[in-house]
Amino acid sequence: MIALVEGYRAGLFARSQWWPNILAGIIVGIVALPLSMAFAIASGARPEQGIYTAIIGGGLTTLLGGSRLQISGPTGAFIVILAGITAKYGIAGLQIATLMAGLILLVMGLAKMGGLIKFIPTPVIIGFTTGIGVIIFVGQWPYFLGLPQPSGEHFHEKVWSLVQVLPQLHWPTLAMALLSLLIVLFANKIHIFKRIPGPLLAMVVATVLQATFQLPGVATIGSMFGGVPQGLPSFAWPEMTLSQVLSLVGPAFTIAMLGAIESLLSAVVADRMAGTRHQSNQELIGQGIANVVSPLFGGFAATGAIARTATNIRNGGTGPLAGIVHVLTLVLVLVMLAPLASSIPLAALAAILFVVAWNMSEIPSFFRLLIRAPNADRVVLLVTFTLTVFVDLVVAVNIGVMLAIFHFLRRMAASVETREVSEDHLAREFPGSNTVKRPDGVLVYEVDGPMFFAAIENFERALKHTKSDPKTLVIRMRRVPFIDATGLQSIEETVNDFHRRGVQVLLCEANARVLEKLRKAKIVDQYANAQYYDTLEQAFRSAQPLHD
């Protein structure tokens with residue numbers, strides 16, 4: 001159900017809910033203002049495009065998404081990907097990729113794929129978010145220290161380039177950045193500033209200082225971008241060619257997958273904080289529509305913002321009204337206060353992003369996993385982190401998930417057992433029963449676990465090591481939850497092998513799904529070399545020697 005409709009039915013638009021949601025929306029809008037501009041600049045876009053994204057993306061996901069508390073807009077997680085796309089394809093390419101990503105998210109939501117995101121393991125998520133945090137942190141050095149932009153395409157090349165130009169450090173810029181960083185970190189510890197968001201206070205103080213003293217060499221939004229246009233964006237359909245679309249398929253999928261992960265993680269955080277329950281498929285639909293429309297009005301990729309969503313809840317937000325007020329707050333700022341943005345120092349925005357990078361990097365969680373997690377999870381964590389920083393986020397997530405899957409399959413395969421069932425075991429399982437007694441010349445094996453491609457080796461090895469050929473082999477399958485094509489093939493080959501050796505093979509006690517697959521594969525039909533029985537007792541009654 002759309003969050004807006006759910007909120008209305010839940011009475012979250014009642015008069016008693018107005019004030020807490022209006023207050024929360026204003027605070028979130030104020031918090032979103034400096035972050036939106038900072039994320040836009042770090043992504044290679046103009047500062048006002050970040051505000052456009054927060055207005056359009058945030059508004060549409062509030063109205064059409066699946067979480068009544070979600071606040072969407074540009075986020076730090078996107079910076080690495082979007083900056084790379086902008087550098088290679090330009091801002092027009094970024095907007096086309098965003099539109100395509102929106103369509104992908106829309107299809108994912110309509111196909112009810114919202115639940116698939118939960119299958120991405122924690123070490124992979126923490127690995128790539130920590131890696132993104134490191135990249136954002138290093139990427140802001142030029143603005144924080146007043147250095148020239150680094151040369152080189154890869155992370156290590158950029159770091160080395162920045163180290164080489166460190167002697168060119170610009171002291172007024174560094175002083176402005178350090179002051180802004182201190183304000184962001186410690187302003188809320190001072191009683192009179194407790195209710196003012198630290199990023200906003202840092203931006204205002206830095207802007208007033210720069211506008212008053214005109215510190216030479218300190219880069220501002222005005223000196224870099226010519227200021228922020230006053231007024232709302234206009235509709236513009238991006239010009240695109242087929243070759244452009246084809247070249248942007250990969251980047252679009254990257255934006256869509258990361259957007260899905262980030263928005264659903266944010267929705268889960270909101271549910272934990274407020275005791276609500278989001279609709280994951282509807283959330284993907286809302287995010288998809290937002291990302292289709294956003295580039296048509298000058299914006300770029302948007303997704304659920306965990307920090308802004310948490311701020312919304314902490315300040316009393318209970319429903320979609322807070323998200324709507326957050327958008328209206330940004331609209332008012334854009335219409336009335338845009339000219340004042342020319343004096344905002346980029347050093348102040350870099351300081352804000354330093355804190356964002358630290359918060360999103362989840363350093364405590366990273367080291368907790370590194371110390372306490374099993375060895376295989378540590379490997380997944382470190383590989384994902386290293387590939388994110390030094391290679392590419394998409395490669396990192398793909399390889400991290402693959403490593404996690406391989407480890408899971410290995411563990412699952414190791415847990416599958418095929419063991420001989422002894423007379424003593426049967427006596428304990430069926431105490432006092434004379435009907436369930438193993439006849440002479442009958443060997444009983446039991447499979448415990450799923451029979452899938454990675455676990456078949458254990459099954460085949462166990463049956464190949466029978467001491468001598470029995471007259472009848474009974475295979476119990478009561479503990480086989482599912483079977484795949486490789487498992488079916490292995491059973492068929494085992495049955496045929498024993499049949500050639502003159503051994504009767506009986507299968508029994510399979511669940512309905514497994515039995516259906518056995519019959520469909522013609523392993524247990526009337527013309528096959530194996531017969532099936534519902535119970536072990538029936539199998540024992542049917543056991544008969546094929547030779548003396």
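Let me start with two helices: the axes of helix 2 (residues 18-42) and helix 3 come within 7 Å and cross at roughly 120°. What we are looking at is a predicted model, where local features need pLDDT of at least 70 and side-chain atom pairs count only at pLDDT 80 or more, while totals for chains, interfaces and linings use all residues. Residues are numbered from 1 along each chain as its sequence is written, and side-chain values use heavy atoms, with hydrogens and water left out.

A few words on terms, since I will lean on them throughout. Helices (H or I, at least four residues) and strands (E, at least two) are DSSP runs, numbered from the N terminus. Axes are lines fitted to C-alpha atoms, for helices over the stretch in contact, and angles run from 0 to 180 degrees between N-to-C directions.

Back to the first pair: helix 2 and helix 3 are therefore oblique to each other, given that angles under 35 degrees count as roughly parallel, over 145 as roughly antiparallel, 65 to 115 as roughly perpendicular and the rest as oblique. Here Leu33, Ser36, Met37, Ala40 and Ile41 of helix 2 meet Pro47, Gly50, Ile51 and Ala54 of helix 3, where contact means heavy atoms within 4.5 Å. Sorted by class, this contact has 7 nonpolar, 2 polar and no charged residues, if we count Ala, Val, Leu, Ile, Met, Phe, Trp, Tyr, Cys and Pro as nonpolar, Asp, Glu, Lys and Arg as charged, and the others, Gly among them, as polar.

Helix 2 also packs against helix 16, at an angle of about 95° and with the axes 9 Å apart, so these two helices are roughly perpendicular to each other. On the side of helix 2 we find Pro34, Leu35, Ala38, Phe39, Ile41 and Ala42, and they meet Leu346, Leu349, Ile352, Leu353 and Val356 in helix 16. This contact has 11 nonpolar residues, with no polar and no charged ones.

Helix 3 (residues 47-64), for its part, packs with helix 13 (residues 280-293) at an angle of about 150°, their axes being 8 Å apart. The two are therefore roughly antiparallel to each other. Ile56, Gly57, Leu60, Thr61 and Leu64 of helix 3 make the contact with Gln282, Gly286, Gln287, Ile289, Ala290 and Val293 of helix 13, and these residues divide into 6 nonpolar, 5 polar and no charged.

Now to the strands. An open sheet of 5 strands has the order 3-4-5-6-7, with mixed pairing, and two strands pair if DSSP finds at least two bridges between them. Which strands stand at the edges? They are strand 3 (417-420) and strand 7 (530-533), each with a single partner strand, so one side of each is left without a neighbour in the sheet. Neighbouring strands of this sheet are turned by 25° against each other on average, if direction is ignored. Strand 6 (residues 504-508) pairs with strand 7 in the parallel sense over 4 bridges, and Leu506 has Gln531 in strand 7 as its bridge partner. Across strand 5 (472-479), strand 6 and strand 7 lies helix 22 (residues 485-500), running at about 145° to strand 6.
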